[in-house]
Every structure is written in C-alpha cells, then in structure tokens.
Amino acid sequence: MPLQNRVTPTGDIVATPHRGLFTGNRGIIHDPATRTLLRKRWATPAWLVCVCEFRGRRRKVMGTRSWTELFFLDEATALAAGHRPCFYCRRDDANRFRATWEEGNGVADIRLRDIDAVLHRERLDRGRKRLHPLPVPLAELPDGVMVQQGPDSFLIAQGCALQWSPAGYRKAQGAIENGMLLTPPSTLQTIAAGYRPVLHSSAE
C-alpha cells in the first residue's frame, strides 16, 4: 500500500503510487512507528519543495523522527499547494524565486520568514485551502499557474487548461467558466515576473 504522502494542488495529502518529480516538507507531521500522518498537516509555516536526489543521500520515507517526506507531481503542483523552493537543496531555484517574488510583489530585501508568512495567509482559510478570485481572465494567466473549478484542479500551460491528476495532466473537457485561483496570489505574481515552475512531461 502506498504511504499517505502525495500532495495535491489543493494541499491535501493523499495515498497514490505516483511519486512525481519533487519531494518536500512542512515539518514533522507523521508517526515513524506506523509511518502514518498525524492529525496536523503542517508543523511550520515554511512549506518547501525539494529535489528527490541530493548528494547521493538516502532516507527511509516517513521512517524516522525527522521531516515528513511529501511528494508532488511537479513544481506547479507544489506551488499551487503553497510551497516554495528549498534554499538548501535548490539554492539557485530558491534565489530565482525570491528575486522574482520581490519583483512581482513590489518589495526588496525580503526575508524568507516574511515570504512564508505571506504564503501561509494566502494558502489557508481556517485550516482549509484558500481560493482566490481570478485577477485576470483565464487566458491571460501565465504558464504554471493553477486554478480550481468544483473538485478539479487545472494547470494553465500554453494558453490551455490541463486537468490535474496524480499521474499527470490531460486536456480539460469543456470550458473553465467558474474557476478560482489556486496558486497563492504572491506566487502568481512571482511566476508573472519570470519564475518558471518545472512542469510534468504530460503538460507538453
């Protein structure tokens, strides 16, 4: 049975055999004895996106009292859920993210904890995923942003809406008429300023 450690664009953590391109964490939110999640879904406002391979290190997933390994289909999924690049294993990407976050959000010399505080407000509404009104028409959203309509999540890529699933994307069936912004607004501004999330190959 797969472990419950796969993150959806809405930030939920589910069990699926599809691991995805990235790992990451929200602190320690599991019991290593049973390798199951605790009731809480985060232990820190720093929600990170990490690489799956780093300097040849090996970890037993959810096997120790360390950070809880979560997995994402791609970086767009992680950003939609409210995560940001890790400064330890993805320093170049994290520096690009901070620089474009500053440019897109009109600030300078931002500290990581301040970015995390903004993201934490934007991603949660009384413990549940916060949705936001679309700031522009769907066709004007930059590639890598995600929206929600009903129970389904959609990636915007090359002017098309692609429906998300744990295994990958497929072209949306029908128009997205009542979509809400799933990607935090400050991250949307970051992407609009030039940050390019890594997308799953099915988005091509």
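1. Start with Thr 190, which sits in helix α4, the stretch covering residues 185–192. Keep in mind that this is a predicted model. Is Thr 190 buried or exposed? Its relative accessibility is 0%, so Thr 190 counts as buried, the cut-off for that being under 20%.

2. What does Thr 190 touch, once residues up to four places away in sequence are set aside? The list is Phe 97, Thr 100, Trp 101, Asn 105 and Tyr 195.

3. Now step back to the whole protein chain. Its secondary structure comes to four helices and 15 strands. Of the contacts between residues at least 6 apart in sequence, 67% join residues at least 24 apart.

4. On overall dimensions, the C-alpha trace spans about 50 × 40 × 35 Å along its principal axes. The radius of gyration is 16 Å, which agrees with a compact globule, because one with 204 residues would come out near 17 Å.

5. How much of the protein chain is buried? Buried residues make up 48% of the 204. As for the outside, the accessible surface is about 10400 Å², and carbon and sulfur atoms account for 49% of that.

6. Next, the pockets. The largest pocket holds about 580 Å³ of space. It has 21 lining residues, and those closest to its centre are Val 51, Cys 52, Arg 57, Arg 59 and Trp 67. Two elements, β3 (22–25) and β6 (48–51), each give two or more residues to this lining; β6 gives the most, with three. By class, you'll find eleven nonpolar, three polar and seven charged residues there.

7. The second largest pocket comes in at about 330 Å³. Which residues lie nearest its centre? They are Thr 10, Asp 12, Gly 127, Arg 128 and Lys 129, out of 17 that line this pocket. The lining divides into seven nonpolar, four polar and six charged residues.

8. Last, the enclosed space. The structure holds one cavity of 30 Å³ or more, and the largest cavity has a volume of about 60 Å³. Thirteen residues would be a lot to list, so here are just the ones closest to its centre: Arg 6, Val 7, His 18, Leu 73 and Trp 164, from the 13 in the lining. Strands β1 (4–7) and β7 (70–72) are the elements giving two or more residues to that lining. Its make-up is seven nonpolar, four polar and two charged residues.

Technical notes
Residues are numbered from 1 along each chain as its sequence is written. This is a predicted model: local features need pLDDT of at least 70, side-chain atom pairs count only at pLDDT 80 or more; totals for chains, interfaces and linings use all residues. Side-chain values use heavy atoms; hydrogens and water are left out. On a 1 Å grid over the protein atoms alone, a cavity is a set of points where a 1.4 Å probe fits but cannot get out, and a pocket is an open set with protein on both sides within 12 Å along at least five of seven lines; lining residues have an atom within 4 Å of a point. Grid points are joined across faces, edges and corners, and a volume is the space filled by probe spheres set on the points. Ala, Val, Leu, Ile, Met, Phe, Trp, Tyr, Cys and Pro count as nonpolar, Asp, Glu, Lys and Arg as charged, and the others, Gly among them, as polar. The radius of gyration is taken over C-alpha atoms; the globule rule is 2.2 Å times the number of residues to the power 0.38. Buried means under 20% relative accessible area, exposed over 50%, partly exposed in between (1.4 Å probe, protein chains only). Contact means heavy atoms within 4.5 Å. Accessible areas come from the Shrake-Rupley method with a 1.4 Å probe; for residues, only the protein chains shown count as cover.
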